[in-house]
Amino acid sequence: MVKSFGQFLLFMQSMLVRKERFTVLWRRTIDECVTIGVNSIFIVAIVSAFIGAVTCVQIAYNLTNPLIPKSTIGYMVREMTILELAPTITSIVLAGKVGSSIAGSLGTMRITEQVSALEVMGINSASYLVLPRILGAILMFPLLVVLAMALSIIGGYLAGSLTGSISAQEYIEGIRTDFIPYNIFFALVKSVVFAFLVSAISAFKGYYTDGGALEVGTASTTAVNNSIIAILIADFALAAILL
C-alpha cells in the first residue's frame, strides 16, 4: 500500500514535468470537459431528480407530528441535497461512469503500446493524456453538482405537489428558511476534491495497466472501487474540517 501511494505521488509529479504547450493542453482539456461533463448531464439529471423526489416523499411519510410545520420537509430536502446528496451521490455516480471510462481508455492505450509510442516521440504521456482528464474533471464536477442541486430540489417540489404530501407554497417556504450560503461553498469544495480523487485514481490505475484485455477490465473495476472509497473517506474528512 505504501509502495502504491509513493508510485501515485511520483505519477502526479510526472504530469508537471515537461508539460505540453498551453494551446495543446487547452484543446485536450476542452475535449475532456465534453466527454466528462456534457456526456454525463443526462445520468446526473435523472439520478438527482429522483433522489430529490424520493427524499421529499420519505420525509413527508415520517413527519407525522402535527406540531411540526409541513415547510420543514422543504427545509430538510434542501439541507440534505446541498450538504450531502448532490455532491457525494453525484460524484459516486460519476466515479462509475467517468472513472471506468478513464481507466479503460488509458489501460487500452497502455496494452496496445500507444503510451510507449508517445514516449518514443518525446512526448510526456502523463502530461498529454492524464493532466487534461484531471483538469476537465475538476472543471466539470462542480457544474454537474450545481445542476444536481437544482434538479433535486425541483424533483422534491414536483413529488411533494403531485402526491399531496406538501403544498407548493409550504415547500418554497421551507427551502427559503434559514439558508446558509456557506453550505454552497462547502458543497463545491467537496466536488472539486472528489473530482481530483476520481480522475487521478482512475488515471493511475489505467496508466499502469499491464497485461491484456482482462487486466483492463480489472483496472476499471479497481479504479471505481478505490474512487468510491476515497470519496467516502474525503467526505468525512471535509465535513469534520470545514463544518
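**Exercise 1.** Work out whether Tyr 182 is buried, exposed or partly exposed, given its relative accessibility of 34%.

*Solution.* This is a predicted model, where local features need pLDDT of at least 70, side-chain atom pairs count only at pLDDT 80 or more, and totals for chains, interfaces and linings use all residues. Residues are numbered from 1 along each chain as its sequence is written, and side-chain values use heavy atoms, leaving out hydrogens and water. Now check the cut-offs: buried is under 20% relative accessible area, exposed is over 50%, and partly exposed is in between (1.4 Å probe, protein chains only). With 34%, Tyr 182 comes out as partly exposed.

**Exercise 2.** Find how many aromatic pairs the structure holds, then classify the one made by Tyr 182 and Phe 185.

*Solution.* Start with the count: there are nine aromatic pairs (rings of Phe, Tyr and Trp, its six-membered ring, with centres within 6.5 Å; stacked if the planes are under 30 degrees apart, edge-to-face if over 60, tilted for the rest). Next, take Tyr 182 and Phe 185: their centres are 5.8 Å apart and their planes make 45°, a tilted pair. Finally, look at the backbone: both sit in helix H8 (residues 182-207), three residues apart, so about one helical turn separates Tyr 182 from Phe 185. Helices here are DSSP runs (H or I, at least four residues), numbered from the N terminus, and strands are E runs of at least two.

**Exercise 3.** Name the residues that form one aromatic cluster with Tyr 207, and say which arginine lies over the face of Tyr 207.

*Solution.* The cluster joins Tyr 207 with Phe 8, Phe 11, Phe 204 and Tyr 208. Over the face of Tyr 207 lies Arg 110, 4.6 Å from the ring centre.

Key:
Lys NZ or Arg CZ within 6 Å of the ring centre and 35° of its normal.
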